[in-house]
Amino acid sequence: MKLRLVLGDQLTETISSLSGASHDDLIVMCEVRDEATYVKHHKKKIVFLFSAMRHFAQSLSRAGYSVHYVTYDDPENSGSLKGEVGRLIGKHPVSEVVVTTPGEYRLLEDMKQWSSLLQIPVTVLEDDRFLSTPEEFASWAKGRKQLRMEYFYRDMRRKYGVLMTEAGPIGGQWNFDAENRKPPAEDQTVPAPFVTDMDQTTKDVVTLVKDHFPDHFGDILPFPFAVSRDGALQALDHFVSERLCLFGDFQDAMIQGEPWMYHSLIGLYLNCGLLTPMECIKRAEAAFHDGSAPLNSTEGFIRQILGWREFVRGLYWLKMPEYKELNFFDANRPLPDFYWTGQTQMNCLRQCIEETKQNAYAHHIQRLMVLGNFALIAGIDPKQVQDWYLLVYADAYDWVELPNVSGMALFADGGLLASKPYAASGSYINKMSDYCSACRYSPTVKNGPKACPFNYLYWDFMQRNAAKLRGNPRLGFVFRNMDRMSDEKRWANGDDALRFFKEIGINEKI
Ligand code: FAD
Ligand code: DLZ
Ligand code: SF4
């Protein structure tokens with residue numbers, strides 16, 4: 001009998017660990033303390049994953065498999081995946097443990113010890129749910145000075161023939177980003193996102209999470225997420241029919257009270273396996289071909305999945321474990337408390353943090369240009385920022401969170417992923433959102449108590465890191481502007497930054 005272990009983010013019927021499974025094999029799934037608390041995940045994320053795991057186990061049982069499911073509150077639950085596998089090996093005539101490669105480096109390293117510790121063959125199979133393998137990515141990356149997603153993405157378009165004609169990319173261009181930066185219109189109404197009612201399984205998990213994780217961040221209710229394959233497919237359909245058409249236009253826009261904008265809200269389903277990347281890509285491509293979605297939206301959406309998602313995973317496996325330690329700017333300020341409470345007078349941050357707390361979700365531009373941008377220019381310790389992102393979002397796993405946080409938002413890898421830091425002043429946020437009109441600060445005031453903190457923190461960041469950034473060709477105009485500044489102006493930026501950090505309880509200087 002083979003023991004086939006399925007992890008919480010491996011909820012795909014066609015996963016390699018289930019391939020060739022016979023009804024004599026034992027399929028094992030476990031809710032364990034180690035995975036639920038290695039960072040203190042958002043309560044909604046745990047509800048989502050435990051409920052999705054339970055639904056997946058039920059569907060395997062219905063299909064006739066013998067499934068052993070360990071609930072979190074099982075008195076015999078050892079609290080770790082290895083412990084549970086060991087416990088079952090003792091009870092059943094297991095000849096081999098079979099598992100698909102976990103998404104995170106940490107767990108793969110742990111699993112490498114299992115065979116000798118448990119005294120049983122452990123076969124770790126490839127995770128073939130992605131559209132490129134770590135080996136393919138490594139060979140693509142070999143010899144390149146810089147790794148740019150755009151070129152990787154073009155190769156992926158060619159490889160899979162997505163949005164291609166024989167002559168090249170459909171529409172004659174690989175990307176339509178120039179059309180995808182529209183600010184929000186006044187009185188814009190955004191279609192409501194897909195929501196589902198909780199069934200009894202989810203309600204049971206809600207009670208469990210309330211009892212066992214009271215000190216974890218975030219609100220459990222309302223709980224709108226799908227927790228089954230059918231539900232996730234409905235969520236995808238809902239996005240494609242209601243929101244994809246304007247996804248591109250307003251990809252970077254933010255409106256107060258509209259946490260989802262035109263984003264798909266499928267990351268959590270993709271990352272736990274309820275949806276597969278190619279079916280999402282095909283669904284969007286079909287909408288383009290039947291005329292219900294324009295090219296700028298379709299291409300923009302597909303690029304996120306076929307390009308960015310695969311690219312960051314490739315980078316993760318290429319560069320771990322060193323990647324986690326990188327800190328290009330030697331940033332060392334602690335994460336401000338308001339990242340947990342939302343209690344800040346900076347309205348953009350308050351909105352994004354409160355929405356994160358309510359929904360275990362923020363869309364890309366909130367994560368990058370508000371929450372990440374602040375952490376970058378304020379010089380927050382990357383480790384603390386990584387942990388925050390890993391625990392607050394329902395779609396967060398180390399392999400995708402780390403490159404996005406460390407590489408994209410914080411430039412902690414010194415430019416491996418991004419060609420320049422995504423640092424911006426208040427005028428960017430003012431242009432792309434309506435947050436500033438409800439803020440105590442003014443985005444047009446540059447210094448002093450009324451000034452938007454993003455303004456002087458931006459210049460303070462550039463001043464502090466000039467030696468590291470001046471040579472970057474994409475920042476030439478920034479340093480030309482800085483060089484024209486008077487000494488008084490430069491001092492004002494530094495003084496304002498220090499006053500600001502003192503006000504928020506951070507006194508140390510980097
Ligand atoms: P949409 O905007 O509708 O995009 C569609 C899909 O494309 C997403 O579901 C996702 O699977 C994929 N995608 C889009 N952008 C990226 C990207 N940069 N990297 C990888 N996949 C992408 N994404 C995660 O899945 N998990 C994370 O933990 C995560 N952390 C992030 C942290 C920071 C600082 C930043 C800047 C981005 C992060 N992202 C992460 C990427 C992106 O913000 C989310 O994938 C997206 O917001 C999820 O919402 P959505 O499903 O509505 O995505
Ligand atoms: C994220 C998560 C959580 C919260 N809980 C569990 C769990 O109890 N059991 C499980 O098998 N997986 C869980 N996961 C997902 C794992 O953390 C994930 O499989 C690894 O991080 C590898 O990506
Ligand atoms: Fe954010 Fe500055 Fe705008 Fe306030 S003024 S919402 S702090 S960008």
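**Exercise 1. Show how helix 12 and helix 13 are oriented to each other.**

Solution. Helix 12 and helix 13 turn out to be roughly antiparallel, a label for angles over 145 degrees. Let's work through it. This is a predicted model, where local features need pLDDT of at least 70, side-chain atom pairs count only at pLDDT 80 or more, and totals for chains, interfaces and linings use all residues. Residues are numbered from 1 along each chain as its sequence is written, and chains are lettered from A and ligands numbered from 1 in the order in which they are written.

Step 1: find helix 12 at residues 277-289 and helix 13 at residues 295-319; helices are DSSP runs (H or I, at least four residues) numbered from the N terminus.

Step 2: their axes cross at roughly 165° and come within 9 Å. Axes are lines fitted to C-alpha atoms over the stretch in contact, with angles from 0 to 180 degrees between N-to-C directions.

Step 3: look at who touches whom. Among the contact residues are Cys-280 and Phe-288 of helix 12, and Phe-301 and Arg-309 of helix 13; contact means C-beta atoms, placed from the backbone, within 7 Å.

**Exercise 2. Describe the surroundings of ligand 2.**

Solution. Step 1: 16 residues surround ligand 2, and Leu-7, Gly-8, Glu-35, Pro-102 and Gly-103 come nearest. Here a residue counts if its C-beta atom, placed from the backbone, lies within 6 Å.

Step 2: helix 1 (33-37) and helix 2 (43-62) each give at least two residues to this shell.

Step 3: sort the shell by class to get nine nonpolar, three polar and four charged residues. Ala, Val, Leu, Ile, Met, Phe, Trp, Tyr, Cys and Pro are nonpolar, Asp, Glu, Lys and Arg charged, and the others, Gly among them, polar.

Definitions and conventions
Angles under 35 degrees count as roughly parallel, over 145 as roughly antiparallel, 65 to 115 as roughly perpendicular and the rest as oblique. Two residues are in contact if their C-beta atoms, placed from the backbone, lie within 7 Å.
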